[in-house]
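This report goes through one protein chain from its overall make-up to a few single residues. Please keep the sequence and the structure in view while reading.

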Amino acid sequence: WREMKNPVQIRIYKFFALLRMKKIARFWSIMVGFDAPLQLPQNLILPHPYAVVINSHAVIGRDCVIYQSVTIGSDRAGNVPTIGDRVIIYSGSVIVGKVVIGDDSIIGANSFVNSDVPKNSIAQGNPARVISKM
């Protein structure tokens with residue numbers, strides 16, 4: 001929050017967010033031009049950091065690789081994904097909702113992930129399914 005310039009705008013955002021008025025808080029942040037800060041993990045690699053969208057409440061593990069045009073977002077209820085350590089997410093993938101991607105997994109290109117992926121797995125498709133274990 002320290003990077004944002006106007007403390008009044010931040011206080012208004014926090015007021016709505018603390019009252020769990022997520023839609024109003026989100027609308028306010030869009031209108032004044034800022035969003036909640038995202039806590040990025042150590043050693044996150046974005047080889048082509050174009051069109052990557054990550055929900056500010058999503059949990060991403062250490063040493064992950066996220067390619068271009070990836071969306072990590074919430075579902076309608078506001079649930080966000082949890083991505084484990086050393087996960088590779090290839091371009092065009094969408095991960096939404098209360099999904100857990102296990103450690104050392106791979107999400108194939110253009111996959112839509114809306115269910116859990118166990119650790120040491122390769123998931124691909126729309127909707128994504130586990131196609132191989134490592």
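The sections below cover the chain as a whole, its sheets, its nonpolar core, a pair of rings and one loop residue.

## The chain as a whole

The structure is a predicted model. The protein chain has two helices and twelve strands. Read along the sequence, the pattern is α-α-β-β-β-β-β-β-β-β-β-β-β-β, with both helices ahead of the strands.

The protein chain has 134 residues, and 33% of them are buried. Its accessible surface is about 8,500 Å², and carbon and sulfur atoms account for 55% of that area. Some contacts in the chain link residues at least 6 apart in sequence; of these, 9% join residues at least 24 apart.

## The five-stranded sheet

Strands of a sheet pair through backbone hydrogen bonds, and the pairing can be parallel or antiparallel. One open sheet here has five strands in the order β3-β6-β9-β11-β12, and its pairing is mixed. The edges are formed by β3 (65–66) and β12 (128–133). Each of these two has a single partner strand, so one side of each has no neighbour in the sheet.

Within this sheet, β9 (residues 106–107) and β11 (residues 121–125) run parallel and are joined by two bridges. Ile-107 has Ala-123 in β11 as its bridge partner.

## The three-stranded sheet

Another open sheet has three strands in the order β2-β5-β8, with parallel pairing. Here β2 (59–60) and β8 (100–101) stand at the edges; each has a single partner strand, so one side of each is left without a neighbour in the sheet.

Two bridges join β2 to β5, and these strands run parallel. Ile-60 stands opposite Ile-83 in β5.

## The nonpolar core

In soluble globular proteins, nonpolar side chains tend to be buried together. The largest nonpolar core of this model has 19 residues. Which of them touch the most other members? They are Ile-72, Ile-83 and Ile-89.

Ile-89 shows how such a residue is surrounded. Setting aside residues up to four places away in sequence, Ile-89 touches Val-65, Ile-66, Tyr-67, Val-70, Ile-72, Ile-83, Ile-95 and Ile-107. Two residues in that list have appeared above: Ile-83 stands opposite Ile-60, and Ile-107 is the bridge partner of Ala-123.

## A pair of rings

The model has one aromatic pair. The ring centres of Tyr-67 and Tyr-90 are 5.0 Å apart and the ring planes are at 15°; planes under 30 degrees apart count as stacked, so this pair is stacked. Tyr-67 lies in the loop between β3 and β4, and Tyr-90 in the loop between β6 (88–89) and β7 (94–96), so the pair ties together parts that are 23 residues apart in sequence.

Are these two residues buried or exposed? Neither word fits: Tyr-67 is partly exposed, with a relative accessible area of 23%, and Tyr-90 is also partly exposed, at 31%.

## A loop residue

Asn-79 is located in the loop between β4 (71–73) and β5 (82–83). Its relative accessible area is 30%; buried would need a value under 20% and exposed one over 50%, so Asn-79 counts as partly exposed.

What does Asn-79 contact beyond its neighbours within four places in sequence? Its contacts are Gly-73, Ser-74, Gly-97 and Lys-98. Asn-79 and Gly-97 are 18 residues apart in sequence, while their C-alpha atoms are 4.9 Å apart in space.

Terms used
Residues are numbered from 1 along each chain as its sequence is written. This is a predicted model: local features need pLDDT of at least 70, side-chain atom pairs count only at pLDDT 80 or more; totals for chains, interfaces and linings use all residues. Side-chain values use heavy atoms; hydrogens and water are left out. Helices (H or I, at least four residues) and strands (E, at least two) are DSSP runs, numbered from the N terminus. Buried means under 20% relative accessible area, exposed over 50%, partly exposed in between (1.4 Å probe, protein chains only). Contact means heavy atoms within 4.5 Å. Accessible areas come from the Shrake-Rupley method with a 1.4 Å probe; for residues, only the protein chains shown count as cover. A nonpolar core is a set of buried Ala, Val, Leu, Ile, Met, Phe, Trp, Tyr and Cys residues joined through side-chain atoms within 4.5 Å. Two strands pair if DSSP finds at least two bridges between them. Rings of Phe, Tyr and Trp (its six-membered ring) pair if their centres lie within 6.5 Å; planes under 30 degrees apart count as stacked, over 60 as edge-to-face and the rest as tilted.
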